[in-house]
Amino acid sequence: YDLFPNGYTVKHVVTVGMSTLDVPEQAGIGSYLAADVSIPSAPLHDFVWIASRGFDRRYGAVLDGWDTNLAPTSLLTGTWTSRAFAGTLDAAGSGQVQIPIPADSNLVGTRLYSRAVVLAPGGQEIWTLSTLGITDIVP
């Protein structure tokens, strides 16, 4: 029985059902966005919060072979390369980062799409991605 007709191949296995990234639906300018990561199978792994102003249903930007579904924007490049919003999951696989939202009225109405990139031990390769978080920036 062919599970993947038409030449499709399996690249990554993803478990669906459990939300692994919790972000608020809204965050105000001049405040902080708290991103809570919970991946019990990844205790003590490092993670990086990444974000984009766009969502790509098909694939999105590819990081280390992983389709993020995040549109390739300067925000995504900056959050990934700077690793400014990073942490380490605790023994239960939980962690949090606080992302400051600038007090800039031009950001009102922006929708942020985000994920946590969980790194393999040693911090060089991606171990897994969290579920998608969506936050609207409000006054």
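Two strands pair if DSSP finds at least two bridges between them, and strands themselves are DSSP runs of E at least two residues long, while helices are runs of H or I of at least four residues, all numbered from the N terminus. Keep that handy for the tour. What you have open is a predicted model, where local features need pLDDT of at least 70, side-chain atom pairs count only at pLDDT 80 or more, and totals for chains, interfaces and linings use all residues. Residues are numbered from 1 along each chain as its sequence is written, and side-chain values use heavy atoms, with hydrogens and water left out.

**Stop 1: the whole chain**

Show everything as a cartoon. You should find 1 helix and 11 strands, in the order β-β-β-β-β-β-α-β-β-β-β-β along the sequence. Now colour by pLDDT, the predictor's confidence in each residue, from 0 to 100. The mean is 90, and 88% of the residues reach 70 or more. Confidence is lowest in strand β6 (residues 66-67), at a mean of 93, and highest in β2, at 98.

Of the 139 residues, 40% count as buried; that means under 20% relative accessible area, with exposed over 50% and partly exposed in between (1.4 Å probe, protein chains only).

**Stop 2: strand β11**

Select residues 133-138 and show side chains. Which ones point to the buried face? Gly133, Thr135 and Ile137 do, while Ile134, Asp136 and Val138 point to the other face and are not buried.

Next, add the neighbours. Strand β2 (residues 26-28) runs parallel to β11, joined by 3 bridges; glycine 28 has valine 138 as its bridge partner there. β9 pairs with β11 too, in the antiparallel sense over 4 bridges. Pick leucine 112 and you will see threonine 135 of β11 opposite.

**Stop 3: the salt bridge**

How many salt bridges does the structure hold? Just 1, counting a side-chain nitrogen of Lys or Arg within 4 Å of a carboxyl oxygen of Asp or Glu. Select arginine 111 and aspartate 136: their side chains meet at 2.7 Å, N to O. Arginine 111 sits in strand β9 and aspartate 136 in strand β11, so the pair ties together parts that are 25 residues apart in sequence. Both partners are partly exposed: arginine 111 has a relative accessible area of 39%, and aspartate 136 has 22%.

**Stop 4: an open sheet**

Select β1, β3 and β8. These 3 strands form an open sheet in the order β1-β3-β8, with antiparallel pairing. Its edge strands are β1 (21-22) and β8, each pairing on one side only. Between β1 and β3 there are 2 bridges, and one residue pair to click on is aspartate 22 with its bridge partner in β3, aspartate 36.

**Stop 5: the nonpolar cores**

A nonpolar core is a set of buried Ala, Val, Leu, Ile, Met, Phe, Trp, Tyr and Cys residues joined through side-chain atoms within 4.5 Å. The largest one has 21 residues, and Leu33, Ala35 and Trp49 touch the most other members. β3 (32-38), β4 (46-52), β8 (94-100) and β9 (111-119) each give two or more residues to this core.

Zoom in on alanine 35. Leaving aside residues up to four places away in sequence, alanine 35 touches Leu21, Asp22, Val23, Trp49, Gly95, Gln96, Val97 and Ile99, where a contact means heavy atoms within 4.5 Å. Apart from this core lies another, of 13 residues, including Ala61, Leu76, Trp80 and Leu119.
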